[in-house]
Amino acid sequence: MLCNVLSFQESNASGDDFGDIDWNTEDELEISEIPISTSNLPTPGGVTIVCNGEESSSAHSSNSKLIQHFVGMGFPDKLVVKAIEEIGEGSSEGKILDTVLTYLELQNSSEEHGCIDSDQSTSGYDESLLHDSDIDSWSDDDDEENSDDLSESEKKLQTLQKMGYSVDEATEAMHRCGPDASIAVLTDFICAAQIARAEAPDLPAEIKPKANYTCSQNGKLKRRLYAELDNRKKQRGMVGEDSEMIRLPKPMVGFGLPTDDQSSIVRERTLPEQALGPPYFYYENVALTPKGVWDEISKCLYYVEPEFVDSKYFCAAARKRGYVHNLPIQNRFPLRPLLPLNIEETFPLTKRWWPSWDSRTYLNCLQTAIGSAKLQDRIRKAVEAYDGEPPEHVKKYVIDQCKKWNLLWVGRNKVAPLEPDEFELLLGFPRNHTRGGGISRTDRYKSLGNSFQVNTVAYHLSVLKPLFPDGINILSLFSGIGGAEVALHRLGIPLNNVVSVEKSEINRNIVRSWWEQTNQKGNLIDFDDVQTLDAYKIESLAGKIGGFDLVVGGSPCNNLAGSNRVSRDGLEGKESILFYEYVRILDTVKNIMSGRRFN
């Protein structure tokens, strides 16, 4: 078979301006069990040559590669083959994609009306891509009374316009799909047309949809792509749609803490069948999200119950996070030595200057920004204006600002923000982990503010040590500054192979530097964009290293965090929608691991 050449780019992505990112994902459908090459890995910054066998210049080889490409995107193989046969072997990928999506739309429309044309149906693909319940939430009930006099077609046109589609798009969809097509079918058709136009190489750039395909209905494409997998899970009877909303526990102690009596820690839990490994997976994000976000995260990750933990039980700073994983929860153990759990023990030099009326014993969540010098000066002047203890309104102002910006008392009436090395201490990283190599102080704060709390994560991952005495293979998505890798290393688990995916070049350099300084014996392979990690690349990597034992990561929380008052749009936000990339990649890895044996 003709050798396929894959280029793995490492572009400079140091220009992130995202606040509080724990980088992971968009979702694609489950891949089909078609054998894909697993020959070689990319050389750093170079080109990977992946061979499927004997060389051949035949059209069959080219078609096979093309079929694998579309199957890796989640489309049924029979539909892909049919599309190529219909429009010709030399057609562009954009035209093939348009044809495949048209087949899907026609098929779904026929199924919805109870009649499937045998020429348009394919085995293994008989679920619609959107639920009617998904569409209900998009309509405006307040306008129902005003639409009583409209025809059904006019009502549908009005609904599509409210969803952000243009009149031309809506009209074309209604014409192509028929007068009886549901809103779900119409929106699918429009999304399919948008994808096809964006992929078509012969269209001018100015008339193509934006590359992220979000248009005015931000995020619906990725939601649509995930719906197929969601349907399959629900049909397997995992959890009903009317299950209770996930509630945040108080206190956030998860399934137990290192300080608990071991007999009181939950010893067992029942995982849904689809969540069982291989591989193990571990996903993290902020706990305080818009309503319904954790229900969606749990649903996408096989309905596994999230474990909510506040890192103030592991260090002197709060960090309320949710973790979804299929790890065992018995026989956990913490890193030694344990970190101090209050401010005074962590920063003893502050005790001399700490006023009695500031009752803080731990810091709030560490952010990517710090309090300004002007703020520090205002606080100093506000306190110095009084000979003795300041009045209540002044104390309240000062304490509120100190809590917000995690300010420490470093002199008489003087407060200051944490230094980067103090961030590293609180988060469990080695001293100077983010220092040097041309990294600015601002970049250090940003990288640390987006990271895992190492001791918390290590407590959860500690159960892997007896399971992988000879080392572990990791797929680390949205790796940041390597919190998971540092945790596993400190646990004494050899890192045989780490495939790290991280957008920021600064963060990649930090991880690479740590890898070299700690004399790691394994292989570190890094990529810069989860969206380019398709099924073909994952299969090739898995074949080379012998499969993945753990998929770990935390996707951007920009649109989830409560501090974001501008674009707190949930998982359909511009950055946080990348959660679905974690889901897509995890599903791909699980399919690969379940279908093959690795030595």
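These legends walk through several close-up views of one predicted model.

Local features are described where pLDDT is at least 70 and side-chain atom pairs where pLDDT is 80 or more, whereas totals for chains, interfaces and linings use all residues of this predicted model. Residues are numbered from 1 along each chain as its sequence is written, and side-chain values use heavy atoms, with hydrogens and water left out.

**View 1. An open sheet of 7 strands with mixed pairing.**
Welcome to the sheet, whose strands follow the order 4-5-3-11-8-9-10. Strand 4 (307-310) and strand 10 (523-527) form the edges, each pairing on one side only. From one strand to the next, the twist averages 20°. Strands here are DSSP runs of E with at least two residues, helices are runs of H or I with at least four, and both are numbered from the N terminus. Two strands pair if DSSP finds at least two bridges between them.

**View 2. Strand 11 (residues 550-553) beside strand 3 (residues 280-286) and strand 8 (residues 472-477).**
Strand 3 and strand 11 run parallel and are joined by 4 bridges. Strand 8 also runs parallel to strand 11, again with 4 bridges. Look for Val551 in strand 11: Phe281 stands opposite this valine, and so does Leu475. Tyr282 has Val552 of strand 11 as its bridge partner. In a regular strand the side chains alternate between the two faces of the sheet. In strand 11, Leu550 and Val552 point one way while Val551 and Gly553 point the other way, and all are buried. Buried means under 20% relative accessible area, exposed means over 50%, and partly exposed lies in between (1.4 Å probe, protein chains only).

**View 3. Strand 9 (495-501) and its pairing with strand 8.**
Strand 8 and strand 9 pair in the parallel sense, over 6 bridges. A pair of asparagines is worth finding here, as Asn473 stands opposite Asn497 in strand 9. Strand 9 is mostly covered, with 6 of its 7 residues buried.

**View 4. Helix 9 (residues 293-300) lies across strand 3, strand 4 and strand 5 (320-325).**
Helix 9 runs at about 20° to strand 5. Elsewhere on the sheet, helix 17 (residues 505-517) packs against it and touches strand 9 and strand 10. The direction of helix 17 makes about 175° with that of strand 10. Axes are lines fitted to C-alpha atoms, for helices over the stretch in contact, and angles run from 0 to 180 degrees between N-to-C directions.

**View 5. Helix 9 meets helix 19 (residues 579-595).**
The axes of these two helices come within 10 Å and cross at roughly 15°. Helix 9 and helix 19 are therefore roughly parallel to each other; angles under 35 degrees count as roughly parallel, over 145 as roughly antiparallel, 65 to 115 as roughly perpendicular and the rest as oblique. Helix 9 passes helix 19 in a right-handed crossing. A crossing is right-handed if the near helix is turned clockwise from the far one by less than a right angle, and left-handed if anticlockwise. Glu296, Ile297 and Cys300 in helix 9 meet Phe579, Tyr580 and Val583 in helix 19, where contact means heavy atoms within 4.5 Å. By class, this contact has 5 nonpolar, no polar and 1 charged residues. Nonpolar covers Ala, Val, Leu, Ile, Met, Phe, Trp, Tyr, Cys and Pro; charged covers Asp, Glu, Lys and Arg; the others, Gly among them, are polar.

**View 6. Helix 11 (residues 373-384) crosses helix 12 (residues 392-405).**
Here the axes come within 10 Å and cross at roughly 155°, so helix 11 and helix 12 are roughly antiparallel to each other. Helix 11 passes helix 12 in a left-handed crossing. From helix 11, Leu375, Arg378, Ile379, Ala382 and Val383 meet Val394, Tyr397, Val398, Gln401 and Trp405 of helix 12. The residues of this contact divide into 8 nonpolar, 1 polar and 1 charged.

**View 7. Phe468 in the loop between helix 15 (454-461) and strand 8.**
Phe468 is buried, with a relative accessible area of 14%. Leaving aside neighbours within four places in sequence, Phe468 is in contact with Tyr280, Ile493, Pro494 and Asp549. The C-alpha atoms of Phe468 and Ile493 are separated by 7.1 Å, although these residues are 25 residues apart along the chain.
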